[in-house]
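I opened this entry to note how two chains meet and how one of them is folded, and I keep the terms beside the findings.

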Amino acid sequence: MAGYLLVLAAIKLLGLGPVEPIRLAPPDGRAAVVIAPLSATFMYFLAVFSFGLEGDLAARRSIYPARMFTLPVTTAALAGWPMLYGMAAVASLWLPTALFARWPWEINVPVIWPALLAAAFLAWTQALTWMPYGLPGLRVIVTVLWLAALDAIIIVAFHYKARELVMVAILAPQIPLAYLVAWFAVARARRGDVSDWRAVASGFSRTRSSVGSGTSRTFQSASRAQTWFEWRRHGRTLPAMVAFVVPVELLLLFIRGNDTAPIVFEILFIALITPPFMAVFAAPALSTSTPFVARRPLASANLIAAKVKMTIWSTLVAWLLVVTFSVVALMLSGRMPVVVERVRAGIEVTGTLRGIAVVLFVFAALVASTWKHLVQSLCIGLTGRDWLIKSSVLLGLVVLIAVGPIVDGIIRNRAVQSAIWNLLPWILVALVCLKMIAGSWVAIRLYDSRLLSDRTLVAGAACWFVTVLAIYGVLEWFASSPLTPRYFLGAIAILQVPLARVSAAPLALAWSRHR
Amino acid sequence: MSDSVITVSELTRRFGATTALASVSLSMPRGAVYGLVGANGAGKTTLIKHVLGLLRPESGSVRVFGLDPVADPVAVLSRIGYLSEENDVPGWMRIDELIRYSRAFYPAWDDAYAEELRRTFALDPAAKIKNLSKGQKARAGLLIALAYRPELLVLDEPSSGLDPIVRRDILGAVIRTIADEGRTVLFSSHLLDEVEQVADHVTMINEGKIVLSATLAVIKESHRVGDRVPSLDEIFVARVGTSAGSTPET
């Protein structure tokens, strides 16, 4: 992080000049250059210092490492030292960033309260995750709600332009409070005091076991058993994430004044892009395998098929939740007429059939995008190679960081826009060629390794081709105009349908399974 | 079909600078209880992983039932029952779910035998794996390794987690039963007295090399000193220079 900041500072001094100030707000939009790595490092610190990387967040017992309970130190020290180290780390993450921002970038950012906020955020994360809970999964709910409340308080204070002193007054007491909670949590965990509230929910348990009685049936095939296994392991991750986040987003519909069509549609848009966005975060967990799975007498292709089926179910359940939440929120908030009115107006312009087709196409594209984000990292994660996984994450972060300034530069430079427009056919051809070469290479490797049968390979290629044709047909119907040439629509269809990365998943698994 | 269940020829495997297996060759006859003994870090688990196809031979070859376990994992794994040292059965599963899930992979799964084993091992069907004791987890792993009466049972340090009485009674009975039915057992351990109780063939492995491989009777006879027949532990110390059970983990 320090190296990254130094490089940026050097670029600023040598490239942009020492006197030109950098603005965080648009149209410069360079904030992402700092914010993205800062956020990534901060999240990593949260995970490391709360011991979240080694514990089971969904379990009832504390995630504080049990091996440390036998150390000859007091409980106060067990809670205090990791908290102190963690707070020092996150605060020191902010302080050099703020100093670099002030000089040489000349961005006027506050120094003390963001560091305090980071420290308080970490302290509460530690305290709440170290606490033993009476129900599985309660840890995640309590921690997310508490941290969201802390965030909300700070956002409100920021909104009302609270002075730094006020911010410090709000945040400083959080740290001793969090420490007391952490001390209580570690003390309970150390003496093995874990409440069990499952008996309280016995009614629910009875319902669940009656529902689960159907699960005593035997699986009709090994593939179905494996799909069930994958679903139980990771299938509920995306629906759970969506179920946590989307209702909070839809609460904005209930705020007085949020009743105009642009605002209602903006809120709906945020809710609708949540599943594809969340899928990016859910994907790494499901792109893993274990020695237990590797020993199943099932072909690697079948193990991948089980994962793919699980991702399809996961995507559908997540979207079922989004649609249900959205409809219920629109009805309860009284914003449904706003949507109906705008949809009716849209249909008048496009025609009923076309209007319905547009809505269905956009919806299908969002669902497909969610699924695509879930499966596209399978070929990396399933290799089980740390160096490859970490490199891909690093590359992703670099792209994420670079894309903002690049787009910003393109938007502000007409000459660049013109050059890109002129080169667009060649850019598309290059991307399509790259995709087809990668796809062909994977197909040859699959054929050589006999991981897939010839029939499956041909059927897969045919499916891909038919899907591309179908998307091209729909695009041709919607978007065909003199300004949009056919090669453009064809290239879009080819680039949108996953090919190489999904097909490479069996190769990746086989590589990891037989090291 | 070959009489050897497992044939390993000139198998070499390195992990960085460490040579885990150096030109290992062995042939394991059908119907034998085969003890693979050695100190911790000797290469026993690496050899077993090659047998299961979880590791690809760097040089040499491995054949199980005459098949390459890497090229044809389904055909090989469906005939092997395996209990791992780590016992990596997923903690979130309940016992009944584990049984239901596992039976889907093995057409020869015997429901009555599985239920008998579950009762013998006193496993509650509603209990989650993660809530079981170490010994109970090992029993759960043993249950799913035995319930389809595999042709080859591979036990990698099976005694870890089992108390001495259960270890002697259950494990001995299981291994003998399977061997009597003409099935084969590959049993890896660094507790040599345990191996001595159940194995009829013994292979000693040290620093990735096989130092001794023969039937237990031949090994004992060849190391007899006058009227005294030494224990396997004594033979191991004489051959390798250190006690298998007392060597620290490497």
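I looked first at the contact between the chains and found that 20 residues of chain B are in contact with 22 residues of chain A, where contact means that the C-beta atoms of two residues, placed from the backbone, lie within 7 Å. The model is a predicted one, in which local features need pLDDT of at least 70 and side-chain atom pairs count only at pLDDT 80 or more, while totals for chains, interfaces and linings use all residues. Residues are numbered from 1 along each chain as its sequence is written, and chains are lettered from A and ligands numbered from 1 in the order in which they are written.

On the side of chain B that touches chain A, helix 2 (73-77) and helix 3 (95-103) of chain B are the elements that give two or more residues; helices (H or I, at least four residues) and strands (E, at least two) are DSSP runs, numbered from the N terminus. Helix 3 of chain B supplies the largest share, 4 residues.

I then turned to the sheet of chain B, which is open, with 3 strands in the order 2-1-4 and antiparallel pairing; two strands pair if DSSP finds at least two bridges between them. Strand 2 (18-29) and strand 4 (59-64) of chain B stand at the edges with a single partner strand each, so one side of each has no neighbour in the sheet.

Lastly I followed strand 1 (residues 4-15) of chain B, which is joined to the antiparallel strand 4 of chain B by 5 bridges. In strand 4 of chain B, Ser59(B) is the residue opposite Thr12(B).
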